[in-house]
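Could you take me around this model in my viewer, one selection at a time? I would like to know what to click on next and what I will find there.

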Amino acid sequence: MAGDNVIKKIIEVRDLKHNFGDLQAVDNISFEVYDGEIFSFLGPNGAGKSTTINILITLLKLQEGIATIAGNNVQRDPAAIRKSIGIVFQNEVLDRDLTVWEILEFHGRIYQIPKNERKEIIEELLNVVDLEQKRDTRIKYLSGGMKRRLEIARGLMTRPKVLFLDEPTVGLDPQTRLKIWDYIRDINDSGTTIFLTTHYMDEADHLSDRIGIIDKGKIITIDSPDQLKNSLGRDVIYVNTSDNEKAKPLLEKITSIYDISESVKGIALLTAMDGTMVMPSILDVIKEGGLEIISINLKKPTMDDVFVHYTGKEIRNEPTDKVHPRPGHHGRR
Ligand SMILES: Nc1ncnc2c1ncn2[C@@H]1O[C@H](COP(=O)(O)OP(=O)(O)O)[C@@H](O)[C@H]1O
Ligand SMILES: [Mg+2]
């Protein structure tokens, strides 16, 4: 986004709601994505990330609210929407017996890309995702990372204005994740707006221009990773004492602590100044109150702390995904 004077909105979502029976999966969310940025939804499993994406890409019928992409209304003009976007899903199923080239070729035909152009685009994209050597390899012989890269290439075939990536690195090893991040950045550098979802703190932190933290169908806050971390002040200190309930009012008396909250990691203290300067006062008030310190931990705020601060809990990266059948494909793939 560097150098852009006028910030253009490419996605606009207003008062979006979505229910599955009694369950409010998306609970009245509003946000925008700016042209050229990498925007992430960061939230735990079941937060409503995929549901929101599926509405935007017209796989799920919009129930309530307004959503537009590049000026096209999701409800009124699904065909125009589909032309302007590319999609990479969580848990994509690729036909195991086709080759890398065939997968892309087939996709290009579905989208009626003329033959010559098709060949050119495929060559170019294989280069982007480093799969030139694998062009004639069948899918069943590719590693997980290669498959994900192929999906990214496929998502880019239509030269979309916006690329949607739903948990692009879930289940991949750390090295492959870093590579995928590089590809995502490269694609973004070439002008494609990226909207991704993730439950990985580091992924959101490293990739995003802006992050929307989403939990239980609601957007809790939206800002740049730096702003989010800076909003937590200078340092964060987690304290566990022999009685946290009694400790809290004691800690509240320390003036250089400007926010105290309960979290899974203990009492979270946000400090307005260097946390090491505040430590002695913490030890003093706890001792004077007749309590004991069980653990105390000082650190610079990370995205993890941001999440704990805004939601009161941690995202545990367990593979607890309840897999739901994907809504109808509308004959798209
Ligand atoms: N097709 C469906 N039928 C019923 N419930 C669903 C369906 N899809 C998602 N849900 C529920 O909606 C909530 C949000 O799910 P989802 O958008 O997939 O979350 P996320 O992608 O953030 O993990 C969850 O509680 C999930 O169980
Ligand atoms: Mg999901």
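Start by selecting strands S12 and S13, which make a hairpin with two residues between them. What you have on screen is a predicted model, so keep that in mind as you go. The two strands of the hairpin run antiparallel and are joined by six bridges. To see one of these pairings, show Ser261 and look across to Ala268, its bridge partner in S13.

Now colour S13 (residues 266-271) by burial. Six of its six residues are buried, so this strand is mostly covered.

**Widen the view to the whole sheet**

Add S11 and S14 to your selection. Together the four strands form an open sheet with antiparallel pairing, in the order S12-S13-S11-S14. Which strands stand at the edges? They are S12 (257-263) and S14 (293-299); each has a single partner strand, so one side of each is left without a neighbour in the sheet. If you look along the sheet, neighbouring strands are turned by 20° against each other on average, ignoring direction.

Next, centre on S11 (residues 235-241). On one side S11 pairs with S14 in the antiparallel sense over six bridges, and five bridges join S11 to S13, again antiparallel. Val239 is a handy residue to click here: Val239 stands opposite Ile296 in S14 and also opposite Ile267 in S13.

**Step over to Asn244**

Keep Val239 visible and select Asn244, which lies in helix H9 (residues 244-251). Is Asn244 buried or exposed? With 15% relative accessibility, Asn244 counts as buried. Leaving out neighbours within four places in sequence, Asn244 is in contact with Val239, Glu262, Gly266 and Ile267. Show the side chains of Asn244 and Asn240 as well, and you will find a polar contact of 3.2 Å joining them.

**The two nonpolar cores**

Now move to the largest nonpolar core, which has 32 residues. Good places to begin are Leu150, Ile152, Leu165 and Ile194, the residues with the most contacts inside this core. Which elements each supply at least two residues of the core? Select H3 (100-110), H4 (115-128), H5 (144-156), S7 (162-166), H6 (174-189) and S8 (193-198) to see them. H5 gives the largest share, five residues.

Zoom in on Leu150 and display what surrounds it. Apart from its neighbours within four places in sequence, Leu150 is in contact with Leu94, Val100, Ile103, Leu104, Leu131, Ile139 and Leu142. When you have looked around there, select Val13, Val33, Ile53 and Ile85: these belong to a second, separate core of 29 residues.

**A buried helix and two unusual backbones**

Ile53 leads you to helix H1 (residues 49-56). Seven of the eight residues of H1 are buried, so this helix is largely enclosed by the rest of the structure. The buried ones are Lys49, Thr51, Thr52, Ile53, Asn54, Ile55 and Leu56.

Just after H1, stop at Thr58 and check its backbone: phi is positive, about 70°. Most residues other than glycine have a negative phi, which makes a positive value worth a look. Thr58 sits in the loop between H1 and S4 (64-69) and is buried, with a relative accessible area of 8%.

Then go on to Ala70, in the loop between S4 and S5 (72-73). Ala70 is another residue other than glycine with a positive phi, near 50°. How much of Ala70 is accessible? Its relative accessible area is 31%, so Ala70 is partly exposed.

**Out to the surface**

For an exposed residue, select Gln133, in the loop between H4 and H5. Gln133 has a relative accessible area of 74%. If you draw a distance from its C-alpha atom to that of Gly86, 47 residues away along the chain, it comes to 24 Å.

**Last stop: confidence**

Finally, colour the chain by pLDDT. The mean is 89, and 92% of the residues reach 70 or more. Two stretches call for care. Over residues 318-326 pLDDT stays under 50, and the model has nine contacts beyond four places in sequence for them. Residues 328-333 also stay under 50, with 14 such contacts in the model. Where pLDDT is low, the predicted coordinates should not be read in detail.

Terms used: Residues are numbered from 1 along each chain as its sequence is written. Chains are lettered from A and ligands numbered from 1 in the order in which they are written. This is a predicted model: local features need pLDDT of at least 70, side-chain atom pairs count only at pLDDT 80 or more; totals for chains, interfaces and linings use all residues. Side-chain values use heavy atoms; hydrogens and water are left out. A nonpolar core is a set of buried Ala, Val, Leu, Ile, Met, Phe, Trp, Tyr and Cys residues joined through side-chain atoms within 4.5 Å. Buried means under 20% relative accessible area, exposed over 50%, partly exposed in between (1.4 Å probe, protein chains only). Contact means heavy atoms within 4.5 Å. A polar contact is a pair of N or O atoms within 3.5 Å; within protein, one must be able to donate a hydrogen and the other to accept it, and residues adjacent in sequence count only if both atoms are side-chain atoms. pLDDT is the predictor's confidence in each residue, from 0 to 100. Two strands pair if DSSP finds at least two bridges between them. Axes are lines fitted to C-alpha atoms, for helices over the stretch in contact, and angles run from 0 to 180 degrees between N-to-C directions.
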